[in-house]
Amino acid sequence: YTEDSLGGQVGKVIVPIPVDGFGEVVIETVNGIISKRATGFDNEAIDYDEEVLIIEAKDGTVYVKKYDSPLQYKF
């Protein structure tokens, strides 16, 4: 995989991401499971087990935002 290929993928937080800090996410790909250092795209905190959308990846770090799956219907 390349860092460019990670943008737009969904991952899950396995180490909580603090404000202005780093955590870790896992991404399931056709090549297997990848774990990457992660930080909030807008420097926000993101809790353990949250789904995140990868906005960009550079220098070994993915920049993520919380992700609400469009397939999760709430009635």
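The chain has one helix and five strands, where helices (H or I, at least four residues) and strands (E, at least two) are DSSP runs numbered from the N terminus. Read from the N terminus on, these elements follow the order α-β-β-β-β-β. The radius of gyration of the chain, 12 Å, is close to the 11 Å that the globule rule gives for 75 residues, so the chain is as compact as a globular protein of that length; the radius is taken over C-alpha atoms, and the rule is 2.2 Å times the number of residues to the power 0.38.

This is a predicted model, in which local features need pLDDT of at least 70 and side-chain atom pairs count only at pLDDT 80 or more, while totals for chains, interfaces and linings use all residues. Residues are numbered from 1 along each chain as its sequence is written, and side-chain values use heavy atoms, with hydrogens and water left out.

## The chain as a whole

Taken along the principal axes, the C-alpha atoms of the chain fill a box of roughly 40 × 30 × 20 Å. Buried residues make up 28% of the 75 residues, where buried means under 20% relative accessible area, exposed means over 50%, and partly exposed lies in between (1.4 Å probe, protein chains only). The chain exposes about 4900 Å², and carbon and sulfur atoms supply 50% of that area; accessible areas come from the Shrake-Rupley method with a 1.4 Å probe, and for residues only the protein chains shown count as cover.

Among the contacts with a separation of 6 or more, 43% are between residues 24 or more positions apart, a contact being heavy atoms within 4.5 Å. The chain carries 7 positive and 14 negative charges, and the mean positions of the two groups are 1 Å apart. Here Lys and Arg count as positive and Asp and Glu as negative, while His and the chain ends are not counted, and each charge is placed at NZ of Lys, CZ of Arg, CG of Asp or CD of Glu.

## How the strands pair

Two strands pair if DSSP finds at least two bridges between them, and the table lists three such pairs.

| Strands | Direction | Bridges |
|---|---|---|
| Strand 1 (residues 10–15) and strand 2 (residues 23–29) | antiparallel | three |
| Strand 2 and strand 3 (residues 32–40) | antiparallel | seven |
| Strand 3 and strand 5 (residues 61–66) | parallel | four |

Individual residues show how these strands are set against one another. Valine 15 has glutamate 24 of strand 2 as its bridge partner, and glycine 23 stands opposite alanine 38 in strand 3. A hairpin joins strand 2 to strand 3 through two residues, and threonine 29 has glycine 32 of strand 3 as its bridge partner. Across the parallel pair, threonine 39 stands opposite tyrosine 63 in strand 5.

## Three buried residues

Threonine 39 is found in strand 3 and is buried, with a relative accessible area of 6%. Not counting residues up to four places away in sequence, threonine 39 touches Ile17, Gly21, Phe22, Thr61, Val62, Tyr63 and Val64.

One of these contacts, threonine 61, has its place in strand 5 and counts as buried at 3% relative accessibility. With the residues up to four places away again left out, threonine 61 touches Glu3, Phe22, Arg37, Ala38, Thr39 and Glu56.

Isoleucine 17, by contrast, has its place in the loop between strand 1 and strand 2, and this loop residue is buried, with a relative accessible area of 2%. Leaving aside neighbours within four places in sequence, the contacts of isoleucine 17 include Phe22, Val25, Ala38, Thr39, Ile46 and Val64. Isoleucine 17 and valine 64 are 47 residues apart in sequence, and their C-alpha atoms are 9.8 Å apart in space.

## Two loop residues with positive phi

Most residues other than glycine have a negative phi. Aspartate 20, which is found in the loop between strand 1 and strand 2, has a positive phi near 55 degrees, and at 58% relative accessibility this aspartate counts as exposed. Aspartate 49, which lies in the loop between strand 3 and strand 4 (51–58), has a positive phi of about 75 degrees although it is not a glycine, and with a relative accessible area of 41% aspartate 49 is partly exposed.
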